[in-house]
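Hello,

Here is the structure I promised to pass on to you. Please have a look at it first, and then read my notes below.

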Amino acid sequence: MQEIKCPKCGEVFQVDESGYAAIVKQVRDKEFEKEILERQNVYQTEKDSAVKIAVTKIESEKDKEISELRAILKTEKAEKQLEIDKIASAKDKQLAEKELEISRLKGELELNKTSTDLAVKNAVQEKETTILELQSQIKLKNNEWELKEKSLCEKHADEIKRREDEIAYYKDFKARQSTKMIGESLEQHCETEFNKLRATAFQNAYFEKDNDIKTGSKGDFIYREFSDDGVEFISIMFEMKNEMDTTATKHKNEDFFKELDKDRKEKNCEYAVLVTMLEADNEYYNSGIADVSYKYPKMYVVRPQFFIPIITVLRNAALNSLQYRHELELVRNQNIDITHFEDDINDFKDKFSRNFRLASEKFQKAIDEIDKTIDHLQKTKEALLSSENNLRLANNKAEDLTIKRLTKGNPTMAEKFAELESKK
C-alpha cells in the first residue's frame, strides 16, 4: 500500500499499488505534456528569430552583391564605350582612306578607259586587216584546191579509163583461154614479177614451183630466203587461183584455205599466201592485203598487184627477228651437239652393257660347269669314303673272325678242329 497526502486538506490516505501507479502516470503525463509545450514554444521562438536574422543577413548580402555588380557593369560599360569610340574612329579613318583611294582609282580608270578605247580600236583595225589577209589566202587556197581537184579528176579519169582498158583486155584474154591456161597465166605473171627483182632484191632467195607430191598434194610456189651465213629466216607457201568470168560454178577464196594450210604445214613453211582473182567484187579482198589468220594461222589473201608487197612486208618483219633466229640456230646446233654426245654415250653404254651381259653369261656358265664338276667330285669323294668305310668294316670283321666263332653252332666243325688240336 502507498500513502498519499492531499495538498488541499492535508489528509493522508492509502492507495493500492495499481491506483498509485495510475495517479503517478497521470501526474507524469501532464507534466510531460506541459514540458513539451514549453519546449515547443521556445523552439518556435528561436526558429522565428533565426529565420528573421537569416533573412536580414541574406538581404544585406544581396544588396551588397547588387551594388558590386552595378559597379562592375558601370565599369565594363565605360570600357565598352571607350572601345566603341576607338573602333568608330578607326572606321572613320579607314572610310576616309577608302574614299581617297576610290577617287584615285576613278581617275586612273578614266585614264585607262581612254587608253583601252584606243587599244581596242587599234586591235580591231589589226583584226580587220588580218581577216582580209586570211580571206585572200583562203581564196588563193581555194583556187589551188580547185586546180588540184581538177587535176586529180583528170588523173583518176585517165586511171579509170586505163583500168577499164585493162579489164577489157583481161576479159578478152580470159575469153580466149582455157581454164588451165587461166591458172597458169597467173602463176607465170607472179613468177615473172619475182624474176624481175630476183637479182637485185632477192639474191639469197629460193622461189620455185612446188613439185613434191609425196604427201598427196602440193602448192604452186615455195619461197624461202636465207641469211648470208645460211640461216633460213622466212618461208612462204604460195597458191595462185584464177577462173574465167563465164565459169558457171564460181569458187570462193575460203574454199582453198584448208588445203593451203595443209600444204604449208607439210612443206614446213612459216606463212601461207593465196594470190587470187576470185570474188572480184568482194571489197574485203580488193582493199589490199587481207589477213585471214583468224581462220588459219599466218595466212594472207592478196590480189596479183600485191604479190611483191606481201613478200616485202613479211620479209622485212622476218629480218627484224633474224638476230633471234641466229641465236635460236646456235642453241639448236648446241642441242644437236649435246644430242650427238648423248647418243655416243648411250651407244657406248649399250655396247658395254651387251659385252658385260655376254661376259656375265659366259662367266655364269663357267661357274655352273665348275659347280657341276664340284658336285660330281663330291659324289665321287662320297663314294670313295663309303668304299673305305666298307673296307674298314670288312677288315674289322676279318680281324674278329676266330676258330671259336667259326665252330660255334657247328658241332662237325668243332669236332674236326678238336681232332687237329689233339694231334698237335
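What follows is a short tour, from the whole chain down to one helix and its surroundings.

Please keep in mind that this is a predicted model. The chain has 424 residues, and 17% of them count as buried. It exposes about 33900 Å², of which carbon and sulfur atoms supply 56%. If you take the contacts with a separation of 6 or more, 54% are between residues 24 or more positions apart. In terms of secondary structure, you will find 8 helices and 8 strands.

The sheet is a good place to start. In it, 6 strands come together as an open sheet with mixed pairing, and the order is S3-S4-S5-S6-S8-S7. At its edges are S3 (205-209) and S7, each of which pairs on one side only.

Strand S8 (299-302) has S6 and S7 as its neighbours in that order. S6 and S8 run parallel and are joined by 4 bridges. Along this pairing, Ala272 stands opposite Met299, and Leu274 has Val301 as its bridge partner. S7 (residues 290-291) is antiparallel to S8, with 2 bridges between them. Here Ala290 stands opposite Val301, so Val301 is flanked by Ala290 in S7 and Leu274 in S6.In a regular strand, side chains alternate between the two faces of the sheet. In S8, Met299 and Val301 point one way, Tyr300 and Val302 point the other way, and all of them are buried.

Now to helix H3, which spans residues 257-266. Which of its residues are buried? They are Phe257, Leu260, Asp261, Asp263 and Arg264. These residues lie on the same side of H3, because they cover an arc of only 160° around the axis. An α-helix has 3.6 residues a turn, so residues three or four places apart point the same way. On the face turned away from the buried side you will see the exposed residues Lys258 and Lys265.

What do the buried residues of H3 pack against? Their partners are three strands and a helix: S5 (232-241), S6 (271-276), S8 (299-302) and helix H4 (283-286). Just after H3 comes Asn268, which takes a positive phi of about 55°.

One residue of H3 is worth a closer look. Asp261 is placed in this helix. Is Asp261 buried or exposed? With a relative accessible area of 6%, Asp261 is buried. Leaving aside residues up to four places away in sequence, Asp261 touches Tyr296, Pro297 and Met299. Met299 is also the S8 residue that stands opposite Ala272.

Finally, a word on the aromatic residues. A search of the whole structure turns up 11 aromatic pairs. Ring pairs link Phe194, Phe202, Phe207, Phe221, Tyr223, Phe238 and Phe307 into a cluster. Phe221, one of the members of that cluster, has Lys209 over its face, at 4.9 Å from the ring centre. In a similar way, Lys298 lies over the face of Tyr271, at 5.4 Å from the ring centre.

I hope this helps you find your way around. Enjoy exploring!

Best wishes

Terms used. Residues numbered from 1 in each chain as written. Predicted model: local features only at pLDDT ≥ 70, side-chain atom pairs only at ≥ 80, totals over all residues. Heavy atoms only, no water. Buried < 20%, exposed > 50% of the residue type's maximum accessible area, 1.4 Å probe, protein only. Arc of directions from axis to C-beta. Contact = heavy atoms within 4.5 Å. Pairing = 2+ DSSP bridges. Phe/Tyr/Trp six-rings, centres within 6.5 Å; stacked < 30°, edge-to-face > 60°. Lys NZ or Arg CZ within 6 Å of the ring centre and 35° of its normal. Areas by Shrake-Rupley, 256 points an atom, 1.4 Å probe, with all protein chains shown as cover.
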